[in-house]
Amino acid sequence: MSKQKGKFSWGVLIAVLILLAYLLPYTLLSGIEAWYGSFLLWGIIGILIILANIMVTKDWGK
């Protein structure tokens, strides 16, 4: 797999995670009235996005 294709797939993953962070609390988690349902989801998705950004930028200076 080429480096450009790898970065593209990480970018797609980031876009999907951002979309899920917006949609899931208003669809699947809408029945949960406690605040920690969405907060836990956003925390996990945030960590996954940070890790994906690290993977995209690890060869930035090369």
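Visitor: What percentage of the 62 residues in the protein chain is buried?
Guide: This model is predicted. A residue counts as buried under 20% relative accessible area. Of the 62 residues in the protein chain, the buried share is 21%.

Visitor: How much of the area that the protein chain exposes is supplied by carbon and sulfur atoms?
Guide: The protein chain exposes about 5100 Å². Of this area, carbon and sulfur atoms supply 73%.

Visitor: Which elements give two or more residues to the largest nonpolar core?
Guide: The protein chain has two helices and zero strands. Its largest nonpolar core has eight residues: Ile14, Leu17, Ala21, Leu24, Leu41, Ile45, Ile49 and Ala52. The elements that contribute two or more of them are H1 and helix H2 (36-57).

Visitor: Which residues does Leu24 touch, not counting residues up to four places away in sequence?
Guide: Leu24 is one of the members of the largest nonpolar core, as is Leu41. With residues up to four places away in sequence set aside, Leu24 touches Leu29 and Leu41.

Visitor: How wide is the arc that the buried residues of H2 cover around the axis?
Guide: The buried residues in H2 are Gly37, Ser38, Leu41, Ile45, Ile49, Ala52 and Val56. They lie on the same side of H2, because the arc they cover around the axis is only 80°.

Visitor: Which residues are exposed on the other side of H2?
Guide: The buried set in H2 includes Leu41, Ile45 and Ile49. On the other side of H2, the exposed residues are Tyr36, Phe39, Leu40, Ile47 and Ile50.

Visitor: What distance does H2 reach from its first C-alpha to its last?
Guide: H2 has 22 residues, and at 1.5 Å a residue the expected span is 32 Å. Close to that expectation, the distance from the first C-alpha of H2 to its last is 31 Å.

Visitor: Is Val16 buried, partly exposed or exposed?
Guide: Val16 is found in helix H1. Partly exposed residues fall between the 20% limit for buried and the 50% limit for exposed. The relative accessible area of Val16 is 41%, so Val16 is partly exposed.

Visitor: How far apart in space are Val16 and Ile49, C-alpha to C-alpha?
Guide: In sequence, Val16 and Ile49 are 33 residues apart. In space, their C-alpha to C-alpha distance is 9.9 Å.

Visitor: Why does the pair of Tyr22 and Tyr26 count as tilted?
Guide: A search of the whole structure finds one aromatic pair. The ring centres of Tyr22 and Tyr26 are 5.5 Å apart and the planes are at 55°, so the pair is tilted. Both residues lie in helix H1 (residues 3-26), four residues apart, about one turn of the helix. Planes under 30 degrees apart would count as stacked and over 60 as edge-to-face, so the 55° of Tyr22 and Tyr26 makes the pair tilted.

Note on methods: Residues numbered from 1 in each chain as written. Predicted model: local features only at pLDDT ≥ 70, side-chain atom pairs only at ≥ 80, totals over all residues. Heavy atoms only, no water. Phe/Tyr/Trp six-rings, centres within 6.5 Å; stacked < 30°, edge-to-face > 60°. Core = buried A, V, L, I, M, F, W, Y, C linked by side-chain atoms within 4.5 Å. Buried < 20%, exposed > 50% of the residue type's maximum accessible area, 1.4 Å probe, protein only. Contact = heavy atoms within 4.5 Å. Expected span 1.5 Å × (residues − 1). Arc of directions from axis to C-beta. Areas by Shrake-Rupley, 256 points an atom, 1.4 Å probe, with all protein chains shown as cover.
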